[in-house]
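Please open the model in your viewer and get your selection tool ready. We will go from one stop to the next.

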Protein chains: 2
Amino acid sequence: MGAKQDFLERVNDIHRLGALQGHLGWDRETLMPGKGAAARSDILAWLAAESHRRMVDGELGALLDAVAEEAAMDPDLGATVREVERSRARALRLPESFVSAFARHRSIAQGTWQDARAASDFAAFAPHLHTLVEMTKERVHLLGVEGPTYDALLDDYEIGSTMAAYDPLFAGLKGRLVTLLGHIMDASAAHAMPTLPEGAIFPVAAQEAFCRKVSEHMGFDFEAGRMDVSTHPFSAGLWPGDTRFTTRFDERDPFSCLYAVMHETGHALYEQGLPKAHALTPRGKAISLGVHESQSRFWENQIGRTEAFWTVAGPWFHDAFPHLPPMDAATMNTIANRVEPGFIRVEADEVTYNLHIMLRYELEKAMFNGEVAVDDVPSTWNTMFREWFGLDVPDDRRGCLQDIHWSMGAFGYFPTYTLGNLYAAQLLEAMAKDIGDVDGLVASGSWSAPLLWLRERVHERGSLLLPEALIEEATGKAPTPEPFLNYLEGKYTALYGL
Amino acid sequence: MGAKQDFLERVNDIHRLGALQGHLGWDRETLMPGKGAAARSDILAWLAAESHRRMVDGELGALLDAVAEEAAMDPDLGATVREVERSRARALRLPESFVSAFARHRSIAQGTWQDARAASDFAAFAPHLHTLVEMTKERVHLLGVEGPTYDALLDDYEIGSTMAAYDPLFAGLKGRLVTLLGHIMDASAAHAMPTLPEGAIFPVAAQEAFCRKVSEHMGFDFEAGRMDVSTHPFSAGLWPGDTRFTTRFDERDPFSCLYAVMHETGHALYEQGLPKAHALTPRGKAISLGVHESQSRFWENQIGRTEAFWTVAGPWFHDAFPHLPPMDAATMNTIANRVEPGFIRVEADEVTYNLHIMLRYELEKAMFNGEVAVDDVPSTWNTMFREWFGLDVPDDRRGCLQDIHWSMGAFGYFPTYTLGNLYAAQLLEAMAKDIGDVDGLVASGSWSAPLLWLRERVHERGSLLLPEALIEEATGKAPTPEPFLNYLEGKYTALYGL
């Protein structure tokens, strides 16, 4: 057996273990009965340890050396080698004792956070947050990364990202978003905006049928995937030919389910479009969280929150909910694009969403450079929120306890959401240059043209290129916030006649 | 680390791999989208190979030697050692090339069988059946088992069982069952038996709610398990704290779902009652197919097909289906115990069921001792069926192609179903001596007393004792068909006034 084949078989095995973790994680969020939790933690930890053991195996190291020359001339193999080297370097530097202690603390912190959020009791969560921050610093120290801790965390979630890149990006974004928000709030105060009828009920079965239809029309292959229900919607490419996403239902708000489905279908289409020839290797995986989020936000916002979309989906919506008064596509779209500063990130509109992200980014930076102590997180959060959103946070449940990320030790993750928004707008702009009037295509019901463009430029590329290079190759220019700001200003100028 | 701990950790790992196979198998039957099949086959084969590799590992052999002395004095460890030795001896004798070739042929045969059954085309299946019979003989040869091939197969599915034991057992059973059947047919020809109203529809949601209530009342812990839907109902103890069973719905026949649920809940209660202290070792697993089937049949028949059961469940049934005319418990029970010779084993009543099993047993014997060639299976089947049931088999779909077992290479499996029926009746008889009037308890709604008795005598014993010893310990006598025949003759004498 040649070194390349031997190397790839070892990589396949590690990916099989990862896929098993993914499947059991999906099952835990959707189906697992409560008393199955302990055994589930056991098997997930076991799979992680098996995977770690194989990743640090000396023979894998020898094979990496053996294929290095071939990898330099074979870009597919090169991408897999690049990602395996990155993962292996980390695995080698983290002692198993630290990895399991960190996993245990994260698991405990997550349980505590759930209760603390429900009770809006930050004090109960604070010691755990403190431990996770300290262990995260320790982790970066063990990894031996040069430079500020927070840069290492940013790079963890989006390869190559730094504060030096985010700081000016976010400063520029914030200025124009705050200005735009002011104009929108003035305009919507001036005239009553349409809403769905107060108190109307949207039966779950009808919502499900409507949303399945939208997802199918977007191109999701239900023969190669499923839609299920979970508390927090998510998407997971479990196996080649088996990609699953979830949603949730609110009988009083059909848009909650619809846009969750469009968002998760966007993620799921990326998974379904990854190159099957490279399954079970990094080359065949999605390259980054930021790029993944660009796919979900593209379908949720660039397609789903347009008059063109409602031209097609409006009649389906009225068929599903025949008790509603007739509303044209423009009206449906205005309702779907309502802007209103609120406390909760996941409920935020496109204008305020990135302000939520930037607030978290600034606060994380301050936690890791020592400017803000863990105990001061609520007061700092609330002061910033007052300043940025003009709102007084009523309790920590709707403030600094709202997101799960910190309880999972995921610091530096939030900015990838904003990257996703920026990439999505940049992809739309480039797509329009290639395939023409995207709104026109969407309004005519031809949603396959945007999908095919994304398949070719993004999905099929897998992990061949690093995120910035992928976006540059796909759009002809390096990532920039201009397309996003132009898109948003253009959309709201038209909607509100600014 | 002591040898015992090291040994048990290796055993745990093998059981984790088995549990992963079980979980992915459950998912395949209930949820997996069609295009996920190839990747699912890949991961199941990979898990099987990983498990095999660990089972034949020389270090496991050394540890078996190292713990032998301790195992002789520790019955829990002894049971685990006994089962691991049994599995390891087989794994060592079967070359991986044979195992994977056999698995591949079974997988191909199963697909062919599905099509052949649908088309009632035995000729299409015959070459595959021939291959599987030959490979099964080869497997027994590789295992180096002494004596007739079919004995080795019987022992595969129920440790210690032989033709020498089954032949007289089945001969005795057959005589009295055929006599009983004759009496019942005469009696039911003489007076019209009650039925559910012709053409009534039983909505799926109401069936589901009714069946969940029955399952819950039987003692199934829905916090530690689930009920789902699949083509063929089955039950699987996936993980400690996570046992799942499935059912199916027929809108015209509510008993199909009810008795599937009671049957599968019986299996699932066994799984939920296994000793958690011995999880992930053979000691903590169910001992055999026959004992497993005794638990399902006990609840399905000994409890579920009684007037006592309908005294409690009848009002729930009428609440679920308010359009039905009122029927008392005796009437419901008569309907549930209707006897009618038919072609299909899984639809058979308690009297004819074991005749279906014996027919398969005789035919399998004849296939493996060379008396019946594969090509002659349909004609032999049909001749025997005419003789035993008085019916002409109209096509092979309702004859020798009806069951999946042969296509899976499972020869020698069927007799465990009859063992289950015999054990169930013997357990009921012994239980009544301990806890008194079981019918009275069931009619009063106290279903926990039978369950607690089974928990203590069967479930908690796991694999401590071999099947016959377990039944003897639980009931005070070696397994015998008398309790079953007495139960059945008593039941039908009362029901039909024989």
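How many residues does the contact take from chain A and from chain B? Keep in mind that this is a predicted model. Select both sides and you will have 22 residues from chain A and 22 residues from chain B.

**The side of chain A that touches chain B**

Color this side by element. α1 (3-30), α2 (37-56) and β1 (225-229) of chain A are the elements that give it two or more residues. Look at α2(A) in particular, which gives the most, with 5 residues. Now switch to coloring by residue type: this side of chain A divides into 12 nonpolar, 4 polar and 6 charged residues.

**The axis**

Next, superpose the two chains. Chain A can be laid on chain B with an RMSD of 0.1 Å, using a turn of 179° and a shift of 0.0 Å along the axis. Why these values? They reflect the relation of a two-fold axis. To find the axis on screen, select A:L20: in chain A, its C-alpha is the nearest to the axis, at 4.1 Å. Both copies use the same surface, as 100% of the contact residues of chain A recur in chain B.

**Chain A as a whole**

Hide chain B for a moment and zoom out. Chain A has 20 helices and 3 strands. Along the principal axes, its C-alpha atoms fill a box of roughly 65 × 50 × 45 Å. The radius of gyration of chain A is 23 Å, which agrees with the value near 23 Å that a compact globule of 498 residues would have. If you color by burial, buried residues make up 41% of the 498 residues in chain A. A contact map is worth a look too: among contacts in chain A between residues at least 6 apart in sequence, 71% join residues at least 24 apart.

**The sheet**

Now select the strands of chain A. The 3 strands form an open sheet with mixed pairing, in the order β1-β3-β2. β1 and β2 (235-239) of chain A are the edge strands, each pairing on one side only. From one strand to the next, the twist averages 25°. Zoom in on β2(A) and β3 (residues 242-247) of chain A: they run antiparallel and are joined by 4 bridges. To see one bridge pair, pick A:W239, whose partner in β3(A) is A:D242.

Finally, bring α1(A) back into view. This helix packs on the sheet, touching β1, β2 and β3 of chain A. The direction of α1(A) makes about 135° with that of β2(A). You met α1(A) earlier, among the elements on the side of chain A that touches chain B.

Note on methods
Residues numbered from 1 in each chain as written. Chains lettered and ligands numbered in written order. Predicted model: local features only at pLDDT ≥ 70, side-chain atom pairs only at ≥ 80, totals over all residues. Contact = placed C-beta atoms within 7 Å. Nonpolar A, V, L, I, M, F, W, Y, C, P; charged D, E, K, R; others polar. Least-squares fit on C-alpha atoms with pLDDT ≥ 70 in both. Rg over C-alpha atoms; globule rule 2.2 N^0.38 Å. Buried ≥ 20, exposed ≤ 12 C-beta atoms within 10 Å, placed from the backbone. Pairing = 2+ DSSP bridges. Axes fitted to C-alpha atoms, helices over the stretch in contact; angles between N-to-C directions.
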